[in-house]
Every structure is written in structure tokens, then in C-alpha cells.
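Subject: Structure handover, with notes on what was found

Dear colleague,

I am passing the structure below on to you, and my notes on its side-chain contacts, cysteines and one strand pair follow underneath. Please read them with the coordinates open beside you.

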Amino acid sequence: MGTALGASADDGTRELLVGGWGKDGDGQAQGIEWITASHESAGSQAYGNSDEEGIQLEHRRCVAEIPSPSWMCLNDGIVYGCLEFSNELVSYSCTRHSDQRRSELQLHQLSRMRTPGEGPTHVALCRDDRGAMHIVSACYGDGTVTVHPIDAKGRIGEAEQALHGAGHGPLPAQEHSHAHWILPIESSSQDSDSDPSSCSTSCTASSTASSTIEEDAASPRAGSSPSARHLVLVADLGADRIRTYMWRNGMLNKLGALYLPAGTGPRDLHILPANLQDFGASAAILLITEWSRKAFVLRLDPSNPAGISIVDSVNLGATQKDQASSLAYIPDDASSPERGFAYVGLRGTNRIIPLRWNGCTLARLPHAGDGSWQNGFSSGGSWPRHVLAFGRRLLVSNQLSSTVNCFVCDDDGRPHEEASLHIPSPTCTLIV
């Protein structure tokens with residue numbers, strides 16, 4: 001739903017679900033695994049705030065045997081996910097039962113639906129301009145973005161739209177469009193430009209149950225105030241662009257595209273808490289690029305036909321064998337989250353790069369040399385696919401070493417590894 005990173009969270013016991021790649025993706029994952037992160041007994045070593053105890057990770061069991069659930073999200077007690085290699089989306093109700101001994105978590109399948117795109121690698125829940133809920137998927141295999149309705153019980157319906165990408169980049173892995181990430185942005189602005197009828201576009205949706213919209217359709221006029229609308233941003237890793245869409249009468253219509261330098265490989269998009277005096281009523285958006293190994297700061301921009309523009313960029317100090325892969329954000333103060341640390345994963349040298357965010361700019365930390373933690377610290381395993389923050393902690397899903405590693409971070413951003421847990425081929429961790 002476009003929830004900003006850095007939302008309030010404490011460091012209490014957490015129940016988590018872990019998805020991963022199974023045999024169809026040359027991995028070992030059996031499905032969705034249930035793990036817990038709980039306080040160790042009093043007297044255990046602790047870092048950061050002096051009143052914090054250490055965290056212990058425990059594997060409980062596999063709660064859903066399904067093929068390669070590579071990404072998951074949660075809304076109102078329902079878990080949604082994508083099965084990357086079987087081209088399916090799934091939804092589960094998540095329930096807990098407790099007795100005097102311990103709690104039990106269960107997933108009950110609500111729906112399992114094929115998607116018209118190939119290789120859905122990321123899904124997000126989106127509310128359209130009429131208030132209806134949809135699950136939108138980014139299909140890496142063929143660049144398609146699919147839009148499926150969600151009913152009141154959390155069941156996923158057949159695809160209403162298949163939005164095809166276009167273009168390619170200069171690298172062998174960029175032979176065609178590769179949609180990789182979906183970021184919905186919901187604005188509460190009520191200015192006069194918020195009327196969707198002010199947006200003229202030839203990219204109209206069909207009234208039938210399914211419609212196909214080409215990427216090259218004409219864009220609305222510049223200055224149509226995208227900050228006043230419900231938008232959906234798509235990172236196209238293959239075509240070096242951010243594709244932007246706008247909800248209109250319950251359907252996604254193309255607004256435009258922000259073109260990035262050739263070989264950039266835009267991968268992940270995240271909302272960061274921003275100082276309003278610097279970003280106005282718009283959002284600060286952080287883009288992680290796989291192949292140029294940078295972090296770009298973006299903002300909504302009604303003067304740009306794409307609806308967004310680049311504010312700044314930071315080189316991550318990666319090597320040529322690295323791929324930038326994920327991001328997590330820990331605010332200095334959960335009640336006022338505009339300042340904090342962003343942590344970016346690098347697959348290859350298997351490091352986590354800490355960055356400083358002050359509400360409007362992003363910067364590398366001063367460091368004493370290549371071996372200093374400020375210049376990047378070990379992910380605790382191999383191939384950090386996903387980094388998740390909860391409280392002042394980071395959970396890193398190291399896909400190739402089949403480990404989930406937990407770090408606690410000091411007030412200055414310094415990490416300390418607390419725990420490691422064997423989980424087959426993890427690609428995503430979700431707090432439930």
C-alpha cells in the first residue's frame with residue numbers, strides 16, 4: 001500500500017514468514033517457512049541501547065508447501081505472494097492459536113491464480129481511484145505488469161489488465177523489458193488538479209474483463225499534477241526506466257516514463273520519510289539500481305511528463321562483480337523518522353552498505369578505509385537478496401548460503417551480528 005519505510009516498530013518478539021526459491025528456481029525452499037525472533041534470556045550480550053536484550057531466531061515449520069514464493073506482502077491478516085516460476089499469485093489467511101505452552105501460526109489458502117505475465121517477481125497491494133483493492137505484479141520474465149482484483153475476503157481474481165513493457169538496455173541481461181518492482185503511491189491531496197478527467201490520454205482501458213495496454217501509448221500532458229493522484233511506479237530493470245501509471249476509473253493508464261542512463265538497471269523502489277520543507281507534499285522515493293550500483297533519490301514532479309524526477313544519486317562503492325539488491329531503513333527516532341540510516345545489500349561481495357538520510361539528502365558514511373564497517377559490512381552469508389528492518393534490527397536473507405542473519409544497529413549505524421538461522425534459499429522475509 002505504499003507504506004513508508006521507517007514506520008514505528010519496537011524490538012519485541014516477532015513472528016515472520018520466509019519465502020524462497022524452490023527446485024523450479026534451482027533452490028531448496030519447500031514453500032513458506034515460519035520463524036520467530038524473540039528476546040534471549042536476561043544477561044545475554046546486547047548492543048545499541050543498554051536496555052535491549054539479544055535476539056534469538058528459531059525455525060518453527062513450513063506453513064505452506066508451494067513452489068518458489070519469492071515475494072510476499074501482508075494486509076489485514078492476509079498474506080499475498082507470487083510464485084515466480086509457475087506464473088501464479090496466491091493469498092492466505094494468517095491465523096494464530098495460543099495455549100499454555102506456545103503459539104501456533106497457520107496459513108489457509110484463499111486463492112491461487114495464474115498471471116498473464118511471465119516470472120512475477122514482486123507484488124504490491126494498490127487502492128485505485130474508486131477505492132477498490134488490487135494486487136499488481138511485476139513480471140521479470142517478459143516485462144508485463146498485471147492487475148488483478150481482490151475481493152472482500154482476500155481472494156485474487158483473474159487479471160483485468162496486462163500492461164506490456166518496451167525497450168531494452170545495453171547489457172546481456174537487458175535484452176528486453178524486465179519489470180521488477182511495483183510502488184503504489186497514494187496521495188491525500190485534494191487540489192483542483194486531482195480530477196482524473198483533466199488527464200487526456202489515448203491509453204484508455206477496455207470495459208471488458210481483461211485489457212492490454214502498450215507501453216508506447218501517448219502520455220498525459222505535463223503539469224497534470226501527478227502528486228494529486230493515485231500513482232503506480234514500476235522499476236523496469238531491462239529497459240532502464242521507471243514506468244509511471246495513474247489510476248483512472250478503476251484502471252491503470254500510462255502516465256509516462258523516467259529514462260535512466262543506459263546500463264543502470266533500476267531494481268527496487270521505496271518511500272522514505274521526508275522533510276516537507278524540502279519535498280513539499282510529495283514523497284521522497286529511493287531507487288536502488290542493480291547494474292550501476294547506485295541509490296537515486298526521486299520526487300514526484302508535476303512538471304515532468306513522467307510525473308517524477310531525479311533529485312540526487314549516491315555511488316554505493318561497489319565492485320564490478322556486485323549487484324545492488326535490496327534496501328531497509330532504520331530511523332533515528334520512530335516518532336520522528338525523517339532522519340536515519342538506509343542499508344543497501346550488495347550481491348557479489350556480500351556486503352551491506354550503510355547510507356545516511358537527513359530528510360532530504362542521502363550520503364555515504366565517512367570511513368577509515370576499505371575494511372571499515374562504514375564502507376560496507378558482511379551480510380553474514382552469500383547473496384543478500386532481501387534486507388528487512390524491525391526496530392533497530394536488520395534481517396538479511398542470504399539466498400545462496402541459505403541463512404537468515406540478524407543484526408542490531410547502534411545509534412551511529414554500526415551493526416552487530418546477533419543470530420543466524422538456516423533457511424533454504426530465502427528471498428523474502430515478512431513480519432506478520
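A disulfide is taken here as a pair of cysteine sulfur atoms within 2.5 Å, and a search of the whole structure on that basis finds zero of them. This is a predicted model, in which local features need pLDDT of at least 70 and side-chain atom pairs count only at pLDDT 80 or more, while totals for chains, interfaces and linings use all residues. Residues are numbered from 1 along each chain as its sequence is written, and side-chain values use heavy atoms, with hydrogens and water left out.

To stay with the cysteines for a moment, the closest cysteine sulfur to that of C73 belongs to C82 and lies 8.6 Å away, which is too far for a bond. C73 is buried, with a relative accessible area of 13%, where buried means under 20%, exposed over 50% and partly exposed in between, computed with a 1.4 Å probe on protein chains only. For C406, the closest cysteine sulfur is in C409, at 9.0 Å, again too far for a bond, and C406 is likewise buried, at 0% relative accessibility.

Turning to charged pairs, the structure holds 13 salt bridges, each being a side-chain nitrogen of Lys or Arg within 4 Å of a carboxyl oxygen of Asp or Glu. One of them joins the side chains of E15 and R96, with an N to O distance of 2.7 Å. Because E15 lies in strand β1 (residues 14-20) and R96 in strand β6 (residues 88-98), this pair ties together parts that are 81 residues apart in sequence; strands here are DSSP runs of E with at least two residues, and helices runs of H or I with at least four, numbered from the N terminus. E15 is buried at 14% relative accessibility, whereas R96 is partly exposed at 41%.

Strand β6 also takes part in the salt bridge between E88 and R112, whose closest N and O atoms are 2.9 Å apart. With E88 in β6 and R112 in strand β7 (residues 103-114), the pair ties together parts that are 24 residues apart in sequence. E88 counts as buried, at 12% relative accessibility, while R112 is partly exposed, with a relative accessible area of 38%.

In a further salt bridge, the side chains of R243 and D236 meet at 3.2 Å, N to O, and both of these residues are buried. There is also a network of salt bridges that links R267, D268, E290 and R347.

The last region concerns strands β28 (residues 403-409) and β29 (residues 415-422), which run antiparallel and are joined by seven bridges, where two strands are said to pair if DSSP finds at least two bridges between them. They form a hairpin with five residues between them, and G413 in the turn has a positive phi of about 95°. Within this pairing V408 stands opposite H416 in β29. H416 is buried, at 18% relative accessibility, and its side chain makes a polar contact of 2.9 Å with that of D410, the term meaning a pair of N or O atoms within 3.5 Å of which, within protein, one must be able to donate a hydrogen and the other to accept it, with residues adjacent in sequence counting only if both atoms are side-chain atoms. The C-alpha atoms of H416 and L394, which are 22 residues apart along the chain, are separated by 9.8 Å.

With best wishes
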